[in-house]
Protein chains: 4
Amino acid sequence: MTKRKIINDPVYDGFLSIDDPVILAVIEHPFFQRQRRIKQLGLTFLVYPGAMHTRFSHMLGALNLMGRALEVLRQKGVEISDEECRGAKLAILLHDIGHGPFSHTSERVLVDVEHERITLLMMQRINEEMNGALDTAIAIFSNTYPKHFLHQLVSSQLDMDRLDYLSRDSFFTGVSEGIVGTDRIISMLNVHGDELVVDEKGIYSVEKFIISRRLMYWQVYMHKTVIAADQLLLGSIRRARELDPSVFRLDPSSADFIDRFAELDDDDIMVAVKRWQHSDDEVLSTLCRNLVNRHLPAIRISNEPFPEQAKSYFTGTGKLKNRSYDFNDQEIKVLYKDGRCVSISEASDQLDRHFLEKQVTKYFLYQPK
Amino acid sequence: MTKRKIINDPVYDGFLSIDDPVILAVIEHPFFQRQRRIKQLGLTFLVYPGAMHTRFSHMLGALNLMGRALEVLRQKGVEISDEECRGAKLAILLHDIGHGPFSHTSERVLVDVEHERITLLMMQRINEEMNGALDTAIAIFSNTYPKHFLHQLVSSQLDMDRLDYLSRDSFFTGVSEGIVGTDRIISMLNVHGDELVVDEKGIYSVEKFIISRRLMYWQVYMHKTVIAADQLLLGSIRRARELDPSVFRLDPSSADFIDRFAELDDDDIMVAVKRWQHSDDEVLSTLCRNLVNRHLPAIRISNEPFPEQAKSYFTGTGKLKNRSYDFNDQEIKVLYKDGRCVSISEASDQLDRHFLEKQVTKYFLYQPK
Amino acid sequence: MTKRKIINDPVYDGFLSIDDPVILAVIEHPFFQRQRRIKQLGLTFLVYPGAMHTRFSHMLGALNLMGRALEVLRQKGVEISDEECRGAKLAILLHDIGHGPFSHTSERVLVDVEHERITLLMMQRINEEMNGALDTAIAIFSNTYPKHFLHQLVSSQLDMDRLDYLSRDSFFTGVSEGIVGTDRIISMLNVHGDELVVDEKGIYSVEKFIISRRLMYWQVYMHKTVIAADQLLLGSIRRARELDPSVFRLDPSSADFIDRFAELDDDDIMVAVKRWQHSDDEVLSTLCRNLVNRHLPAIRISNEPFPEQAKSYFTGTGKLKNRSYDFNDQEIKVLYKDGRCVSISEASDQLDRHFLEKQVTKYFLYQPK
Amino acid sequence: MTKRKIINDPVYDGFLSIDDPVILAVIEHPFFQRQRRIKQLGLTFLVYPGAMHTRFSHMLGALNLMGRALEVLRQKGVEISDEECRGAKLAILLHDIGHGPFSHTSERVLVDVEHERITLLMMQRINEEMNGALDTAIAIFSNTYPKHFLHQLVSSQLDMDRLDYLSRDSFFTGVSEGIVGTDRIISMLNVHGDELVVDEKGIYSVEKFIISRRLMYWQVYMHKTVIAADQLLLGSIRRARELDPSVFRLDPSSADFIDRFAELDDDDIMVAVKRWQHSDDEVLSTLCRNLVNRHLPAIRISNEPFPEQAKSYFTGTGKLKNRSYDFNDQEIKVLYKDGRCVSISEASDQLDRHFLEKQVTKYFLYQPK
């Protein structure tokens with residue numbers, strides 16, 4: 001009898017049903033289970049208390065959407081073999097596995113390796129343990145697989161990663177701006193040549209999706225209070241290392257790097273920060289007490305750069321950038337009934353190039369309240 | 001200008017707006033902020049990955065409902081002074097503050113003091129620091145305040161605690177069985193004599209509420225896989241203490257008990273469990289590895305007790321009980337338009353005494369898979 | 001290229017995608033399109049203003065659920081041919097097609113033929129026009145098809161009809177009591193022998209479903225204000241016929257009965273009622289003005305019969321009955337992992353025979369306000 | 001004892017509670033009850049089967065939002081008397097009361113009077129009957145009341161009308177693009193000088209609102225299949241009048257114009273169309289059969305005008321226009337913490353003047369399939 005696992009997911013009002021033994025085995029792998037202890041949005045819960053959701057749930061959600069997308073494409077006559085289906089599912093399931101604790105915050109500080117690089121190392125390790133069961137997945141993930149559109153389902157302007165995280169982050173923060181018609185967008189996916197495209201009828205949904213991303217960017221992903229909290233966490237880790245350079249120090253060139261990295265999660269950081277509250281170093285103990293008790297620095301946002309400041313652990317400046325849609329990246333393409341295939345910036349009446357290209361840069365200054 | 005804080009809460013499709021400086025000060029207290037690091041449902045996230053929500057969010061949610069309930073009662077002519085409003089709000093806000101890490105699981109193991117006792121100690125401490133601002137709240141919480149119905153809003157068969165946690169746990173697990181018409185129930189609240197009652201039109205909603213609690217009990221609160229995980233956590237802590245009696249040991253009689261207790265949260269337990277994976281003691285390291293990687297024991301549930309087993313760290317038996325409605329506790333009363341006030345078991349066509357009294361006991365046996 | 005129709009349905013947060021040409025043809029048939037003009041819940045919109053939804057949308061919703069159920073069963077290894085799939089879909093799509101205007105209200109008054117009988121006549125007519133394309137559907141609907149479980153999907157304690165209408169009526173009325181985990185129940189369906197059953201894990205969801213039906217019964221389907229409005233409508237039609245026996249009179253024995261019946265819908269009744277407001281007969285004009293302007297009679301509900309009244313067009317008594325679960329009807333069966341198959345009344349800890357058998361009868365008396 | 005009415009509204013997950021006797025009396029007025037029989041979106045249900053919702057429910061929904069908005073403004077210290085509250089509520093409650101059957105479709109054909117004019121006539125009539133109880137409401141509606149911001153709550157770029165219909169139409173069609181954070185926007189309303197403004201924190205929500213309106217415009221309000229159906233309905237009425245000029249003919253100068261107008265609703269039109277199916281005139285009978293059975297003309301949309309056609313009852317061309325935001329109309333203003341008050345086109349990083357000013361014109365051609 002087939003083993004089948006059903007996982008509830010409040011985001012899609014339902015659940016995910018999995019019976020592929022390879023996918024089940026990957027989910028049970030310690031590298032994957034570890035993502036239960038890494039929050040998807042880092043310190044955002046200090047502003048949106050519901051935002052405690054984990055990368056684990058995001059990765060399962062993206063798997064769910066991938067399953068639906070593959071089904072839609074097959075129904076429209078796109079040829080995708082069973083092995084390719086599994087590969088695409090595994091690729092999306094593992095696409096974020098290399099994230100460390102408080103990922104976007106700490107990435108630059110804790111380890112000098114990009115999370116994409118670590119993701120690939122972890123995938124390769126699991127692949128070895130599973131005798132090559134991830135070969136196709138790794139090829140799709142790395143964009144070396146011949147059918148390019150499979151990679152686009154994993155990573156492009158309209159991939160299952162983005163579709164899931166927008167809905168998920170919106171659900172858990174309670175910020176309705178991120179609600180996108182996921183089902184509708186997926187039902188409009190198609191393949192033209194070897195490109196992932198959107199059927200004509202899906203134009204409005206794609207417009208909504210692009211705009212939602214932009215709105216979520218400012219309301220959630222770049223929320224100024226979260227930026228302020230991030231500075232506290234970064235400052236705490238930097239100061240702790242100044243006092244003791246071995247703190248959370250991993251050597252990317254060592255043989256057990258991946259294993260040691262896989263042991264770190266959000267909990268370790270928070271427990272360390274709590275402990276550092278009692279440090280003899282007043283800078284460190286103050287920073288950590290402020291973070292634990294949510295005494296965040298004051299932060300101001302401006303369209304103009306702030307004048308240079310004497311930088312300290314408590315005061316500093318920085319820059320935020322957003323462009324809703326990246327032209328260097330591949331453009332979303334729309335497929336018309338008459339066979340024409342044009343970019344969304346041409347197809348859309350709402351979103352012209354002017355809007356899409358617009359890049360917003362803001363500057364911030366944080367300092368003690 | 002009044003300081004006002006707006007907190008998003010996805011459960012009620014909206015947010016909570018607070019401008020009472022006393023309530024804002026209590027929320028900023030470290031004892032309260034600590035609840036951000038204690039999950040409402042302990043290890044339940046191992047079964048329902050969305051269930052990462054914290055006691056912090058539950059306590060704010062209950063505050064939100066309390067505000068609405070007080071408004072409804074006042075509109076119906078019930079006299080409640082501003083000080084009593086604040087008191088009832090503070091009482092519900094703090095009603096769970098004494099919970100420790102993985103509360104229901106670890107309470108019996110970590111500290112030999114009931115969480116209600118610790119809640120009171122913490123409320124008293126905050127009250128001292130705030131020069132008696134919590135006097136009314138403590139009286140309401142302890143049921144020594146003259147207007148009894150205020151205590152019932154905090155703790156009774158139909159209190160704001162239960163109303164919030166059913167909706168919240170349902171929202172984050174994705175188990176729709178717990179959805180209750182919170183707004184409707186609250187709009188039906190009334191006071192008769194000094195008793196909190198429900199207007200006649202609210203009978204069906206109350207029935208739904210009682211049944212939902214029962215269904216949630218078996219689908220979430222007593223889910224067998226969560227019980228299995230709980231046994232692993234309890235076994236890990238017990239074994240660690242056997243090896244080192246000082247582990248997480250607090251002395252309730254010491255002067256700094258509350259402060260030391262307040263430093264413990266879910267993160268500390270999980271980091272310890274992760275560390276214990278590397279213990280020389282094979283029992284401890286196995287238990288902890290199993291928990292971290294979610295290799296849970298097999299568990300069987302039965303209506304009959306299991307035969308006695310040689311109890312070990314890996315095998316054991318236990319008992320689960322539920323009664324949807326407790327007759328020893330105060331009964332929910334229904335107020336008819338003609339002035340009669342009868343208990344729900346009489347008023348309801350659906351839920352007679354037979355159903356309400358029914359107590360279900362189940363037995364479980366866990367052992368290695 | 002295949003013709004494909006996508007229909008939005010707010011109830012399931014999504015839409016229905018249809019590409020079977022036979023199903024598309026049936027949907028386009030005038031008998032089916034007519035259901036756009038018949039409200040699912042008759043006069044209920046006078047109490048719940050959102051309840052304007054039509055039988056048309058219910059029948060498409062039931063089709064949607066049938067599609068999912070068949071897919072689930074096939075995935076579990078139940079053999080269902082493509083022709084059987086189509087047959088089951090057509091049977092559920094058409095199961096209510098014989099309903100007349102304000103169905104449950106007017107059925108007893110307008111035409112002396114049960115709607116089930118008319119449904120069959122209409123199915124046969126469409127079948128003739130489509131050269132037997134509905135043969136299998138009619139066999140499944142009439143329970144003469146060998147695979148009994150297909151009929152059970154269309155008509156049983158747990159059919160797609162009930163699953164859809166509970167969710168749909170709940171959605172449009174805003175009464176949350178009817179929300180059932182449709183997706184979850186469907187995912188738990190299975191076939192044992194030739195019986196539709198529910199997998200063990202679905203027990204709680206089925207309990208919820210049975211209880212929700214009971215609560216919706218009293219909160220919506222038997223809402224006393226709707227009963228009061230129904231009496232007005234029935235009185236108006238009866239009085240109009242007394243004055244002119246040909247009013248809306250159809251002869252079931254005439255050759256064009258079905259065609260004439262198919263021309264009647266809610267709009268005709270309402271326009272007649274509006275016209276009758278200006279009748280010279282004061283009884284008729286009063287009844288109709290009261291209905292149009294929603295001046296409804298006072299209505300009282302009691303557990304005891306009311307004393308006999310001098311019955312008039314404005315005053316009268318009646319009886320309401322409900323039993324959440326019908327033992328004469330086939331019982332819902334639960335399939336355990338060990339192969340046992342027992343009835344829900346045995347399997348459930350919540351719903352014992354006592355609860356399920358309980359039949360509630362209430363009596364009503366209406367009279368001018 | 002106060003009479004209180006509670007009305008369920010699925011859109012806001014709750015209900016509306018009304019106890020003002022004047023408002024209750026207005027709701028019970030036949031002119032208002034009549035809106036139960038006029039669909040909010042005319043023939044849109046032919047594309048989105050859920051869109052059966054009525055103007056009645058929209059007007060109550062707008063009343064609900066008005067109540068919340070007034071409460072928010074009062075909490076922020078804006079002075080609004082009880083009489084002004086009632087006036088603003090009555091003004092929004094009645095703002096659409098003059099709509100006729102299939103309003104936007106038939107307005108130009110059935111009666112040569114704008115619905116705003118009829119709304120005012122009806123309000124004046126009710127006011128007479130209620131001895132001037134609507135004086136303030138009429139002043140606010142007509143923008144002659146000194147506090148200008150009250151009129152803006154009823155009619156402006158950000159009025160309660162638009163807020164409600166976007167959410168409502170989105171809910172019933174199932175098109176998620178229209179979901180706007182209504183609660184959040186309302187909580188951000190403020191008054192500066194005598195102008196309705198939005199607090200700084202509400203910028204993103206307002207952006208979302210403007211964009212949602214634009215997306216709903218093309219996905220729902222100007223859906224090409226609905227346009228095609230509208231042409232059929234317009235053609236049917238025009239042809240019927242050509243054959244019999246008295247059809248649905250009202251004389252705006254006659255004394256009983258308003259009363260006769262108030263007797264017309266969607267049902268009358270549909271019943272006439274059904275009757276006309278049997279007309280001897282083949283043009284009329286064909287148009288009507290096509291509409292009843294949903295055999296809609298083919299319709300093409302283009303960015304360029306179509307060449308002139310020989311216009312007939314079955315073929316024709318037309319023009320569609322949309323601008324998400326109207327500069328001639330009053331601009332939405334944003335109030336900053338520092339007291340500055342600037343227009344949204346300046347305040348927004350997303351929506352610059354270029355985007356907001358963009359007016360999209362499309363052309364359509366319909367002809368038999």
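**Helix packing and chain contacts in the predicted model**

In this predicted model, the residues A:His58, A:Gly61, A:Ala62, A:Leu65, A:Met66 and A:Ala69 of helix α3(A) meet A:Met160, A:Asp161, A:Leu163, A:Asp164, A:Tyr165 and A:Arg168 of helix α9(A). The residues that form this contact of α3(A) with α9(A) divide into 7 nonpolar, 2 polar and 3 charged. Helix α3 of chain A spans residues 55–75 and helix α9 of chain A spans residues 160–173, and the two pack at an angle of about 125°, with their axes 8 Å apart. Since angles from 65 to 115 degrees count as roughly perpendicular and those over 145 as roughly antiparallel, α3(A) and α9(A) are therefore oblique to each other. The crossing that α3(A) makes with α9(A) is right-handed.

Contacts between chains were examined next, beginning with chains B and A. Here, 31 residues of chain B are in contact with 31 residues of chain A. On the side of chain B that touches chain A, the elements of chain B that give two or more residues are the strand β1 (5–9) together with the helices α2 (30–33), α3 (55–75), α9 (160–173) and α14 (266–276). Of these, α14(B) provides the largest share of the side that touches chain A, namely 5 residues. In terms of residue class, this side of chain B divides into 14 nonpolar, 9 polar and 8 charged residues.

Chain B also touches chain C, and in this case 17 residues of chain B are in contact with 17 residues of chain C. The elements of chain B that give two or more residues to the side touching chain C are α11 (203–221) and α17 (353–357), and it is α11(B) that gives the most, with 8 residues. The residues on the side of chain B that touches chain C divide into 7 nonpolar, 5 polar and 5 charged.

The relation between chains B and C was then considered by superposition. Chain B can be laid on chain C with an RMSD of 0.0 Å by a turn of 180°, accompanied by a shift of 0.0 Å along the axis; that is the relation of a two-fold axis. In keeping with this relation, the same surface serves both copies, in that 100% of the contact residues of chain B recur in chain C.

How values were computed. Residues are numbered from 1 along each chain as its sequence is written. Chains are lettered from A and ligands numbered from 1 in the order in which they are written. This is a predicted model: local features need pLDDT of at least 70, side-chain atom pairs count only at pLDDT 80 or more; totals for chains, interfaces and linings use all residues. Axes are lines fitted to C-alpha atoms, for helices over the stretch in contact, and angles run from 0 to 180 degrees between N-to-C directions. Helices (H or I, at least four residues) and strands (E, at least two) are DSSP runs, numbered from the N terminus. Angles under 35 degrees count as roughly parallel, over 145 as roughly antiparallel, 65 to 115 as roughly perpendicular and the rest as oblique. A crossing is left-handed if the near helix is turned anticlockwise from the far one by less than a right angle, and right-handed if clockwise. Two residues are in contact if their C-beta atoms, placed from the backbone, lie within 7 Å. Ala, Val, Leu, Ile, Met, Phe, Trp, Tyr, Cys and Pro count as nonpolar, Asp, Glu, Lys and Arg as charged, and the others, Gly among them, as polar. Copies are superposed by least squares on the C-alpha atoms of residues with pLDDT of at least 70 in both.
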